[in-house]
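Colleague: Could you walk me through this one? I'm new to reading structures, so keep it simple.

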Amino acid sequence: MGDRFRHARHVLRVGAVLGVGLVAFLIARWALIPSDFGVYGFYRAGALNESRALPIAYAGRTACLECHDGAYDPPEPEDETKARKLAVKTPLDPAKDNKHFRLPCEACHEPLQKHVDDSDKPVLKVASDGLCLGCHRTLVGRPKSQPQVVPADHKKSDDRTKAGCVSCHKPHWPKTEDE
Amino acid sequence: MDQDRRGFLQDAGKFILLTGAATLAWDYVVAGAPEQAPNYIATDHWWGMIIDIDKCIGSGNCVRACKAENDVPLEDGCFRTWVERYRVDPYDLDHPHVDSPDGGYDGFPEIDKPGDGMKVFFVPKLCNQCADSPCTQVCPVGATFVSPDGVILVDKSRCLGCRYCVQACPYGCRYIDPRTHTADKCTLCYHRITKGLTTACCETCPTGARQLVDLKNPKDPVHAFIRDHKIHVLKPNLATGSKVYYNGLDGVVR
């Protein structure tokens, strides 16, 4: 009897080492792998919600138009003669006659989610020629449908050109009153 | 509380039949606008993008918006989207000249004169949100993955910064964030599209050259667009299942 089990101690020793190793492995696995890992696939399920929870900077045109719904309406004429001229062409439809109608607000004004959350936060007034020319400078490769100008050649009268693009073209209704 | 018996029974019936989350969404589903429901079901969507080359004017609005929306470092090489300008000599189609100064962040300088005989066009690029993405397959720790709605995301808390995925992406769409030393890439503005908004690049594109699309939404104009136009994806030979569809893409674009 004693002879039959005289090597049992070796087996038990190996078993103990393996057992300790297994326990250590299980503890390490439990500690290192997040509990939500592998719910949907080989990744942490919580990462989806973390990606969703990031802050938004651009509110979107729809949010702007909820309050500023008249932003793309025809401009008020500056003097009476122009008012008469404009009236002949009326009714003007922003969707058809306003070339900037589909232009997203935040393409020119900065990202505005903060302004949507708190309307006291100011909206940047942007009227630099550089901004206009970012889209309208003549550049080979731009599609022909895009209105493009060479600033030096695009002059009506010097005084107004010096005053910048917006002295003739209102950004919210870029067609000039003469056109 | 003004609730009559009929209203109470209806609400209770809905709650028992549909359980909590679906009850919230039910009114929106009935109204024909399930995408506006407060709870977002990832498996109902399969996101992608359409890029219309013929509309791109190279303004760089998308690049600037992307950096502002997603807190992308302004450093060189850190782009989630960028715009390339291709200048092709029609008699040397194999060697296009490509430039992308700062990814197009400040637009493009004038190089060609009109009538130079060069073919010039702009190609906006971003993560192609591949259905069979090479980059997620190589991640050893499960830090990058395809979400159930088809967007490739990075779990920054798990990323080791081993750069394996940066090398695996055939489109060069990944970079290492110099602040965290983890991989980063376009998330297709996951925080926006899951709330019913479009991506920052699509939102600010002045000509509508970029459009976010939901391929699982039968009402999405993408289905008609793909039918009616000659559509191409980048590097189709790699079978990545790219979901960024280009209209008017020239064959010289790599």
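Modeller: Let's start with helix α7 of chain A, residues 129-136, where Cys132(A), Gly134(A), Cys135(A) and His136(A) are buried. A residue is buried if 20 or more other C-beta atoms lie within 10 Å of its own, exposed if 12 or fewer, and partly exposed in between, with C-beta atoms placed from the backbone. Helices (H or I, at least four residues) and strands (E, at least two) are DSSP runs, numbered from the N terminus.

Colleague: Why are those buried residues on the same side of α7(A)?

Modeller: Look at the directions from the helix axis to the C-beta atoms, since the arc is defined by them. The buried residues are on the same side of α7(A) because they cover an arc of only 165°.

Colleague: Is there anything to know about where the model comes from?

Modeller: It is a predicted model, so local features need pLDDT of at least 70 and side-chain atom pairs count only at pLDDT 80 or more, while totals for chains, interfaces and linings use all residues. Residues are numbered from 1 along each chain as its sequence is written, and chains are lettered from A and ligands numbered from 1 in the order in which they are written.

Colleague: Which helix gives the most to the side of chain A that touches chain B?

Modeller: Two residues are in contact if their C-beta atoms, placed from the backbone, lie within 7 Å. By that rule, 30 residues of chain A are in contact with 37 residues of chain B. Both α2 (46-52) and α7 of chain A supply at least two residues to this side of chain A. The one giving the most, with 4 residues, is α2(A).

Colleague: What percentage of the residues in chain B is buried?

Modeller: Chain B has 7 helices and 11 strands. Out of its 254 residues, the buried share is 39%.

Colleague: Is Cys130(B) buried or exposed?

Modeller: You'll find Cys130(B) in the loop between β4 (119-126) and α3 (134-137) of chain B. Leaving aside neighbours within four places in sequence, Cys130(B) is in contact with Thr240(B), Gly241(B) and Ser242(B). Since 25 other C-beta atoms lie within 10 Å, Cys130(B) is buried.

Colleague: And how does Gln167(B) count?

Modeller: Gln167(B) sits in helix α4 of chain B, residues 164-168. Its C-alpha atom is separated by 8.0 Å from that of Cys135(B), 32 residues apart along the chain. Because Gln167(B) has 13 C-beta neighbours inside 10 Å, it counts as partly exposed.

Colleague: In the open sheet of 3 strands in chain B, which are the edge strands?

Modeller: Two strands pair if DSSP finds at least two bridges between them. The order is β3-β2-β4 of chain B, with antiparallel pairing. Each edge strand pairs on one side only, and these are β3 (97-99) and β4 of chain B.

Colleague: What is the bridge partner of Tyr86(B) in β3(B)?

Modeller: Strand β2 of chain B, residues 81-88, pairs with β3(B) in the antiparallel sense over 3 bridges. The bridge partner of Tyr86(B) in β3(B) is Val98(B).

Colleague: What angle does the direction of helix α2 of chain B make with that of β2(B)?

Modeller: Axes are lines fitted to C-alpha atoms, for helices over the stretch in contact, and angles run from 0 to 180 degrees between N-to-C directions. Helix α2 of chain B, residues 61-70, packs on the sheet and touches β2 and β4 of chain B. Its direction and that of β2(B) make about 160°.
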